[in-house]
Amino acid sequence: VINVVNGAGGEIAQRLITHPACAKVSFTGSVATGEKVQQAASASGKRVTLELGGKNAALFLDDLTPEAMVNGIIEAGYLNQGQICAAAERFYLPQGKLDAVLALLKD
């Protein structure tokens, strides 16, 4: 299960990070905030993944066609020539569609 919580950090972030039902914390954002997340999470022994510095990942679900995934990769990675902090750098695809997506990207 993945839960994505958007919004201002502060108190809600601290409660989520330190909650006993939370086994892992993944954070994408600034280095300064990432250091605070790391400290709070590691104090209770949680696993932590930090993506700092503004590069993003894109996740494609299995209900998309390979063509739609390729269009999404191009848009997410190369909009504004990739020169924006929201440009995706990594793409997560369903294993069963990987070969078809790679073939379309090559073409």
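Beyond its neighbours within four places in sequence, A57 is in contact with R90 and Y92 in this predicted model. A57 belongs to strand β3, which covers residues 56-59. A separation of 29 residues in sequence lies between A57 and T28, while their C-alpha atoms are 9.3 Å apart in space.

Two residues can be set side by side by element and accessibility. A57 has a relative accessible area of 39% and therefore counts as partly exposed, since that class lies between 20% and 50%. I74, at 44%, is partly exposed for the same reason.

| Residue | Element | Relative accessible area |
|---|---|---|
| A57 | strand β3 | 39% |
| I74 | helix α3 | 44% |

I74, which is located in helix α3, is also one of the residues of a nonpolar surface patch. The patch consists of I74, Y78, L102 and L105, and together these residues have about 410 Å² of accessible area. Two helices, α3 (66-78) and α4 (98-106), each contribute at least two residues to the nonpolar patch. With a relative accessible area of 44%, I74 passes the patch cut-off of over 30%, so its partly exposed state is compatible with a place in the patch.

A further feature is the packing of two other helices. Helix α1 (residues 10-18) packs against helix α2 (residues 31-43) at an angle of about 35°, and their axes are 9 Å apart. On the α1 side, the contact is made by Q14, I17 and T18, and on the α2 side by V37, A40 and A41. The crossing of α1 past α2 is right-handed.

Definitions and conventions. Residues are numbered from 1 along each chain as its sequence is written. This is a predicted model: local features need pLDDT of at least 70, side-chain atom pairs count only at pLDDT 80 or more; totals for chains, interfaces and linings use all residues. Side-chain values use heavy atoms; hydrogens and water are left out. Patches are made of residues with over 30% relative accessible area and no salt bridge: like charges are joined within 9 Å, nonpolar side chains (Val, Leu, Ile, Met, Phe, Trp, Tyr) within 5 Å. Accessible areas come from the Shrake-Rupley method with a 1.4 Å probe; for residues, only the protein chains shown count as cover. A salt bridge is a side-chain nitrogen of Lys or Arg within 4 Å of a carboxyl oxygen of Asp or Glu. Helices (H or I, at least four residues) and strands (E, at least two) are DSSP runs, numbered from the N terminus. Buried means under 20% relative accessible area, exposed over 50%, partly exposed in between (1.4 Å probe, protein chains only). Contact means heavy atoms within 4.5 Å. Axes are lines fitted to C-alpha atoms, for helices over the stretch in contact, and angles run from 0 to 180 degrees between N-to-C directions. A crossing is left-handed if the near helix is turned anticlockwise from the far one by less than a right angle, and right-handed if clockwise.
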